[in-house]
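Me: I am new to this structure and would like a close look at one part of it, the open sheet and the elements that lead to it. Please take me through it slowly, and then set it against the rest of the chain.

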Amino acid sequence: MNAPTEINAAALKHSATEKHTPMMVQYLRIKADYPTMLVFYRMGDFYELFFDDAEKAARILGITLTARGASGGNPVKMAGVPFHSLDGYLAKLVKLGESCAICEQIGDPALSKGPVERKVVRVVTPGTLTDSDLLPEKAERPLLALYLINQRKTVTAGLAWLSLASGALRLMEFSGEQRAVELRLSHELERIAPAEILRADGADLFEASPIAHTQRVPEWHFDVIKGHQALLEQLSVATLTGFGADGLGAAFGAAGALLRYAQSTQGRGLQHVRSLTCELENEFIGLDAATRRNLELTETIRGQESPTLFSLLDGCRTAMGSRLLRHWLHHARRDQAVARSRHEAIEALAQADACGGLSATLAQVPDIERITTRIALLSARPRDLASLRDGLKQLPALRQQVARCFIPGDSCLLHEIHDDLATPEACLDLVTRAIMEEPSAMVRDGGVFARGFDAELDELRALSENAGQFLVDLETRERARTGIANLRVEYNKVHGFYIEVTNGQADKVPDDYRRRQTLKNCERYITPELKAFEDKALSAQDRALAREKMLYDQLLAELAPHIGCLQTIARGLAQIDTLVALASHALKNNWCAPQLVSEPCLTIVEGRHPVVENQIERFIANDCRLSNDRRLLLITGPNMGGKSTFMRQVALITLLAYIGSYVPATQATIGPIDRIFTRIGASDDLANGRSTFMVEMTESAAILNGATEHSLVLMDEVGRGTSTFDGLALAWAIARHLIESSRSFTLFATHYFELTQLPETHPSAVNVHLSAVEHKDSIVFLHAVQEGPASQSYGLQVAQLAGVPPAVIKAARKHLARLEAQALDTTPQLDLFAAPAEEVEEAAPEAYAPADDGLRDALAAIDPDALTPREALERLYELKRLAA
């Protein structure tokens, strides 16, 4: 948020001593409570911003900046937006990370002697959005609080995050050395993707490149004991044992700050936050930031929304289902039982041929999850309730369709969903009786409640609606009584109701007529009867609007007890929608049910890349086989041959299997997986001073330090960002470490053909290659994975396909022939990171040719400490002679 501005600070400082208008005194008092936010101050039909807030808003929103009058001796800079256009401007500001305080008129202008009473009724920040106009429909925007406790050499990180739009509250806590905690923290923040992060004032750990807008709050907000108490009160429980939260510390402090901040922005309690989830380190398959980016789960490498795995699978008919699918893709559970239950549900849906009917019914269901949140926060609009009513009416049909897919009494996921979709009869009856079929957009406009719901409201509406007929009848009677044929009874907003008589008929006006207005050609009158009706009719509309507002507040209060039930329904709807989308896609694209087993293996028969196969006409399917004695595939082949696609498809098939989806293959058997790592592609990070090679090595280091025997590792062309020998040595050492130490399932693509000798010394490594056929000077890629190493890289042919000028290709061919004809240069490459000779020999004895025996014996016979200077010189000449 923006820091307190100089003008506002100066105005606040001198407001007590300098002359300000009463309205400006009121504004400055309110602004003092929200110094870092843009304050939208309601004045009539506009929201105004003042001083530096006005300058900033004018610059960001492109609205007009003006200056009117003076307050405290300074011109008052102003910028404003119409009240009915506020949400559009808020959306733009929040997207840019700004926070806004909405200050409304709450007093009656007619009764106010000074400025109308105003107060901030709503605070809008990036992480506390609930309005459908401000939120992305298919993604969550959680608010996260981070609290770090530094104790000697150990750092404990406590995270608490809340999706205010759904009411989902989660905690996590982990400890370790500072570097390890920072690395883990960056991975968790990438996974959670918060819209706003709360930190304590003065916290200086983990300040590098935050991924979201950071808001500083007082450190005492993170008090662990008070945070624990706040959770107990929020969840209305006596202990957190049932939520698995025993023994936490820093996470409680983060939760306390989170709840305090969320409640202050909404101006009320969080009725819809009724449960707590404690996430454990071993709960999900680990995906670091590089892996999420390289696999293009929900965003392409170029930052676009499609084509991605999410955009491919998202056939969901509700926003709730789309959000759950996105969550599953980023939170694949390690527990195979969870995935198996989803596989079984997809199989049942497919066998019952229920996808079409369920999909059509789900299309008529609104976003019940977010409507429920707005009911809890008392911000639901009339059309939200109408949508809720229409959505709840679809539940019986949905339950009936789901019931066809399982045998009654079976304990399965579809049975749980069926139970979750029970119709809340009392809630549905209340909303059906209360809300019109098509209510107005806002309560202030009236026309919300159905006829028959409230007798007093119906009576007030009748008075207002029957005014026209009364005036017609009155005009007819008055013409008959007075004999004035052209007498008219009319109404305008300035003078109300009146009887108009032309000047030529003025002598016929009865004594009970009282003059209201004189015009050039006529006179306007009022009678006691018309005056009584005017008072009744004009007040009826205002009273009807006030009655509707009161009834609406009462209706939201009556719906509060149903919040828990509505959240259960929303959960069931999201699950069935996601499962139907996955089942439909699997049937359409001939995907198979994967088998998850406890033995370490990864066997894929005729696997395909789920996204690429939809982008091209014919996709070549390939097998992949990894097991306990076959842990590393050394992949060689030409550029453009399909190595990266093959590697990514193996990772995506593994991930799809664990989120509970069918997979693009003929058959797939997959063992336990704890993490998926990728080192694919290369780009520099100039903003943080990291070269392409440094980025490559940083990602490689994260893999070598984090991979286990249950991890899946993809390494693509490691070492290409430096000199040939350095790169080859690093690639060889990294591959050997993955085989011997990590023992991960690894797909290792390389153009260093020297590495193809690795399987000779390490039996668990196997050579495979992507095949290609050379025809004259061109190349045809077959994209088929075959056993054994490739014969060459076809680099010149690929360069030719890319459009490199023929002259350059010709010169390259000549130089290549010359290089192949010559022996390798025997001049050793100087290595900045060279280890002592005995370490190098011990690490890789097979990589070096044996030295001359005579020279080696002579060196071994020398004792440097026992030599005189003359003897040393003689030994040096002798060594030179032996080396010649």
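Reply: What follows begins with the sheet, moves outward to the loops and the cores, and ends with the confidence of the model.

Please keep in mind throughout that this is a predicted model. The sheet is an open one of four strands, in the order E18-E22-E19-E20, and its pairing is mixed. Its edges are formed by strand E18, residues 595-596, and by strand E20, residues 622-626, each of which pairs on one side only. Strands of a sheet are held to one another through backbone hydrogen bonds, and the pairing can be parallel or antiparallel.

Taking the pairs one at a time, E18 runs parallel to strand E22, which covers residues 667-670, and two bridges join them; here Leu-596 is placed opposite Ile-670 of E22. The pairing of E22 with E19 is antiparallel instead and extends over four bridges, with Ile-604 standing opposite Ala-668 of E22. Against this sheet packs helix H22, residues 643-659, which touches E18, E19 (602-607), E20 and E22, and whose direction makes about 110 degrees with that of E19.

Going back along the chain from the edge strand E18, one comes to the loop between helix H21 (563-589) and E18, where Asn-590 is found. Asn-590 has a phi near 60 degrees, a positive value in a residue that is not glycine, and with 61% relative accessibility Asn-590 counts as exposed, because the limit for that class is over 50%. For background, most residues other than glycine have a negative phi, and most peptide bonds are trans.

Two other places in the chain can be read with that background in mind. Leu-378, in the loop between helix H13 (368-376) and helix H14 (382-392), also has a positive phi, of about 60 degrees, although Leu-378 is not a glycine; its relative accessibility is 42%, so Leu-378 counts as partly exposed. The peptide bond from Ser-306 to Pro-307 is cis, with omega near 0 degrees, and Pro-307 belongs to the loop between helix H8 (289-295) and helix H9 (309-313).

Helix H21, which precedes the loop that holds Asn-590, also has a part in the interior. The largest nonpolar core has 110 residues, among which Leu-349, Leu-385, Leu-414 and Leu-573 touch the most other members, and H21 gives this core its largest share, twelve residues. Leaving out residues up to four places away in sequence, Leu-385 touches Ile-375, Ala-380, Val-431, Ile-435, Tyr-552, Leu-555, Leu-556 and Leu-559. A second core, separate from this one, has 32 residues, including Leu-162, Leu-235, Ala-262 and Val-273.

A charged residue can be added to this picture of the interior: Asp-87, in helix H4 (residues 86-95), has a relative accessibility of 16% and therefore counts as buried. Beyond its neighbours within four places in sequence, Asp-87 is in contact with Arg-122, Asp-131, Asp-133, Leu-134 and Arg-381.

Finally, the confidence of the model deserves a careful word. The mean pLDDT of the chain is 85, and 90% of its residues reach 70 or more. Over residues 829-834, however, the pLDDT is below 50, and this stretch has four contacts in the model beyond near neighbours in sequence. Residues 837-851 likewise stay under 50, with nine contacts beyond four places in sequence. Where pLDDT is low, the predicted coordinates should not be read in detail.

Conventions. Residues are numbered from 1 along each chain as its sequence is written. This is a predicted model: local features need pLDDT of at least 70, side-chain atom pairs count only at pLDDT 80 or more; totals for chains, interfaces and linings use all residues. Side-chain values use heavy atoms; hydrogens and water are left out. Two strands pair if DSSP finds at least two bridges between them. Contact means heavy atoms within 4.5 Å. Axes are lines fitted to C-alpha atoms, for helices over the stretch in contact, and angles run from 0 to 180 degrees between N-to-C directions. Buried means under 20% relative accessible area, exposed over 50%, partly exposed in between (1.4 Å probe, protein chains only). pLDDT is the predictor's confidence in each residue, from 0 to 100. A nonpolar core is a set of buried Ala, Val, Leu, Ile, Met, Phe, Trp, Tyr and Cys residues joined through side-chain atoms within 4.5 Å.
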